[in-house]
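Please open the model in a viewer and keep the sequence panel visible beside it. The tour below proceeds by selection, one stop at a time.

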Amino acid sequence: MLEILRPDGSLDGDSPISLAETRRLYAAMISARTYDHKGTALQKQGRLATYASFEGQEAAQVGAVASLQPDDWVVATYRDAAAMWMQGYPWVNLFLGRTGDERGGSPPEGVNVLPPSITVGAHMIHAVGIGWAERHQRSDRIAMTFFGDGATSEGDFHEAMNFAGVFQTPVVFVCQNNQYAISTPRHRQTASETIAQKADAYGIPGRQVDGNDLLAVRSASDEAVARARDGDGPTLIEAVTFRVGAHTTADDPGRYRDRAEEDEWRGRDPIDRVRRYLEGAGEWTAEWQLELEEEAAAEIEAAIAEAEALDPLEAADLFAGMFATPTVQLERQRTMLGGGSHG
Amino acid sequence: MAERNLAQALTLALDHILASDPGVLLLGEDVGVTGGVFRITDGLQDKHGADRVIDTPVAESGIVGAAFGMAVAGLRPIAEIQFLGFAYPAYDQMVSHVSRIRNRSRHRFTAPLVIRIPYGAGIGAAEHHSESTEAIFAHTPGLKVVIPSTPADAAGLLLTAAADPDPVIFLEPIRSYRRMRGEVPDPPKPVPFGEAAVRRVGSDLTLIAYGAMVPDVLDAAEHLAGAGIEAEVLDLRTLVPLDIDAVIGSVARTGRAAIIQEGHRTCGFAAELAATIQEEALYSLEAPVARVTGWDTVVPLRRAEHHYVPGVERIVAAAESVMAGS
């Protein structure tokens with residue numbers, strides 16, 4: 001397992017990035033955690049539908065996406081808000097989606113990030129098709145896809161990895177092995193010793209990294225992204241991490257894991273680790289921390305206000321969303337809902 | 001104008017589509033070197049290149065999922081599934097992603113792809129090779145469902161499907177691939193979606209069908225004419241969008257209708273049509289609407305297949321019973 005930044009903040013080897021870049025990514029992780037805590041809080045207030053926390057996985061998401069160019073693609077899931085936001089998907093869209101509004105799925109033009117996949121596993125092959133299409137169109141854009149340890153049990157994981165290997169598509173697979181798929185622990189998903197080793201079966205490189213180590217993740221993703229962009233094919237990165245919170249706000253982790261395990265992982269927090277490193281290098285102060293937290297809070301509050309200010313979709317919008325031009329069937333149903341003579 | 005069978009018409013159309021749009025790729029199992037199990041893509045890899053006519057691993061979900069990604073990223077893939085009975089592993093991709101991306105991104109991302117699938121019984125193939133479950137796709141919001149019955153329509157509807165901004169399930173009637181020939185313009189002429197074709201004009205009752213059943217229904221109509229019954233034969237051509245006006249207009253004129261489908265009876269597309277007719281043309285009806293369908297059984301294997309697929313006799317009998325009803 002690749003490790004660069006130790007939990008105490010010291011380095012084991014060279015950092016792949018400058019201190020300035022480390023500060024930028026640290027700030028991004030603070031924003032992500034602020035969003036995440038707010039998401040959980042808002043759900044408890046009844047202002048969001050279920051919310052899926054990614055607390056503890058910030059380094060895996062922020063570190064991997066930091067290797068991308070702004071127009072690369074990200075194909076991710078409901079637990080990957082930090083990754084999506086890093087690639088330009090606005091907080092307001094992420095909140096909108098969680099309030100239960102389809103408009104959350106519509107990021108601005110130029111942001112090549114698909115709305116989060118809710119079904120587990122089917123989306124990885126989409127990244128394969130996207131990367132394939134980009135190469136076919138002589139673009140050097142690549143695709144990065146995020147998924148969990150549970151998703152590797154789905155048949156679609158196999159099909160995606162296999163297609164990527166056969167067609168050498170420019171794709172980076174990032175598995176956040178966060179130890180639990182709802183209640184089922186990692187060792188009940190697969191008898192493989194590591195998830196990274198599954199790449200061997202598809203003839204592609206696999207790399208296991210400490211997913212709570214921003215610098216290790218970044219190092220592996222830099223390498224994988226360069227491979228993909230240079231036409232050398234796909235890579236599987238297993239970022240070993242931990243979902244500190246519940247699966248969603250509808251879940252109770254006390255039913256399937258010990259508090260001690262959670263506490264142990266909290267001790268390996270990815271943000272604390274970078275803070276210690278930056279502090280040791282004279283690049284962190286309590287004032288800066290406060291500044292970051294205040295900026296993040298203001299940004300997140302503004303996004304919530306913007307999302308909540310939107311009126312819900314009209315009935316007519318539902319029918320208009322299905323096709324470029326609604327079918328006869330949909331037109332008739334819209335009339336029925338609108339108080340026509342039928343239905 | 002050259003006469004072609006339905007299979008040749010599809011090949012012609014695919015050739016034109018590939019030639020006219022560099023963003024079109026064909027992908028599927030054995031579509032390249034061998035030209036597909038039904039030879040629909042025969043010669044296209046040689047002509048358009050292995051990077052555009054692509055042999056894939058045996059993985060239906062992967063084929064449709066990869067095509068989905070390609071479509072999202074600006075290409076216009078045409079995927080082939082070898083038989084409808086093999087499409088079910090890809091159904092999750094269709095219902096969970098392909099059909100939804102426009103809505104779940106409010107038009108920001110779209111998936112303009114065509115999924116070609118040979119369907120239906122009648123060639124005595126192995127189990128799973130004779131399915132007619134088109135209703136599953138028509139029941140799935142966000143998919144267009146096209147089923148041609150003639151060579152010219154096969155080519156023309158495929159052209160329209162390839163240019164459509166939304167995903168199209170294109171079901172090809174296996175037993176019609178080489179059953180009849182017809183004139184097909186070269187280049188083919190696009191046939192619009194949502195416009196049923198009147199295959200035979202008649203005033204006594206309306207026979208509604210699509211795809212592989214249409215030739216049998218036309219044969220039945222000739223039998224009926226011998227008995228003095230003039231049937232109008234309506235070929236829907238597309239189930240989604242559906243030409244409701246053509247259905248209701250014809251039934252309102254004739255006052256009698258029978259719907260013929262090969263698919264299983266319960267919740268088949270005929271049930272949808274019968275419900276729509278009673279909603280919109282009840283007071284024109286002189287007799288109950290009849291359904292002639294496959295049964296709620298697994299499609300039988302070769303030796304007993306004839307018990308399942310509606311044949312001319314069952315269609316004629318149903319029409320006569322509708323004529324006798326009042």
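In which loop of chain B does Pro141(B) lie? Select Pro141(B) in this predicted model: the residue sits in the loop between α6 (134-138) and β6 (144-146) of chain B. With 16 other C-beta atoms within 10 Å, Pro141(B) is partly exposed. Leaving aside residues up to four places away in sequence, Pro141(B) touches Met322(A) and Ser99(B). Next add Arg100(B) to the selection: Pro141(B) and Arg100(B) are separated by 41 residues in sequence and by 7.8 Å in space, C-alpha to C-alpha.

**The contact between the chains**

Now display both chains together. The contact takes 35 residues from chain A and 36 residues from chain B. On the side of chain A that touches chain B, the elements giving two or more residues are α5 (124-136), α6 (155-167) and α12 (328-337) of chain A. Of these, select α5(A), which gives the most, with ten residues. If the residues of this side of chain A are coloured by type, they divide into 17 nonpolar, 13 polar and five charged.

**Two domains in chain A**

Colour chain A by domain. The domain assignment gives domain 1 (19-312) and domain 2 (314-343). The C-alpha centres of these two domains of chain A lie 37 Å apart.

**Strand β3 of chain A and its partners**

Select residues 171-177 of chain A, which form strand β3. Are the residues of this strand buried or exposed? Seven of the seven residues of β3(A) are buried, and the strand is mostly covered. In a regular strand the side chains alternate between the two faces of the sheet. Show the side chains: Val171(A), Phe173(A), Cys175(A) and Asn177(A) point one way from β3(A), while Val172(A), Val174(A) and Gln176(A) point the other way.

Add strand β2 (residues 143-148) of chain A, which runs parallel to β3(A) and is joined to it by six bridges. Among the paired residues, Gly148(A) has Gln176(A) as its bridge partner in β3(A). Follow the chain from β2(A) through α6(A) to β3(A): this β-α-β crossover is right-handed.

Then add strand β7 (residues 235-240) of chain A, which pairs with β3(A) in the parallel sense over six bridges. Here Gln176(A) stands opposite Ala239(A) in β7(A).

**Two positive phi angles in chain A**

Move to Arg138(A), in the loop between α5 and β2 of chain A. Arg138(A) has a positive phi of about 60 degrees although it is not a glycine. This residue counts as exposed, with 6 C-beta neighbours inside 10 Å.

Continue to Gln168(A), in the loop between α6 and β3 of chain A. Gln168(A), also not a glycine, has a positive phi of about 50 degrees. Having 18 C-beta neighbours inside 10 Å, Gln168(A) counts as partly exposed.

**Helix α7 of chain B**

Return to chain B and select residues 151-163, the 13 residues of helix α7. From its first C-alpha to its last, α7(B) reaches 19 Å, close to the 18 Å expected at 1.5 Å a residue. Why is this helix described as largely enclosed by the rest of the structure? Twelve of the 13 residues of α7(B) are buried, so the description applies. Among the buried residues to highlight are Pro151(B), Asp153(B), Leu157(B), Leu158(B), Leu159(B) and Thr160(B).

**A buried glycine in chain B**

Select Gly120(B), in the loop between β5 (114-119) and α6 of chain B. Gly120(B) is buried, with 27 other C-beta atoms within 10 Å. Not counting residues up to four places away in sequence, Gly120(B) touches several residues, including Ser130(B), Pro173(B), Arg175(B), Gly211(B) and Glu262(B). For a further reference point, add Val217(B): Gly120(B) and Val217(B) are 97 residues apart in sequence and 16 Å apart in space, C-alpha to C-alpha.

**Two cis peptide bonds in chain B**

The last stops concern the backbone. Select Asp186(B) and Pro187(B): the peptide bond from Asp186(B) to Pro187(B) is cis, with omega near 5 degrees. Pro187(B) belongs to the loop between β8 (181-183) and β9 (197-200) of chain B.

Finally, select Val240(B) and Pro241(B), where the peptide bond is cis with omega near 0 degrees. Pro241(B) is found in the loop between β12 (238-240) and α9 (244-254) of chain B.

Terms used: Residues numbered from 1 in each chain as written. Chains lettered and ligands numbered in written order. Predicted model: local features only at pLDDT ≥ 70, side-chain atom pairs only at ≥ 80, totals over all residues. Helix = DSSP H or I, 4+ residues; strand = E, 2+ residues; numbered from the N terminus. Expected span 1.5 Å × (residues − 1). Buried ≥ 20, exposed ≤ 12 C-beta atoms within 10 Å, placed from the backbone. Domains from an automatic or database assignment. Contact = placed C-beta atoms within 7 Å. Nonpolar A, V, L, I, M, F, W, Y, C, P; charged D, E, K, R; others polar. Pairing = 2+ DSSP bridges. Right-handed = clockwise from strand over helix to strand, strands pointing away.
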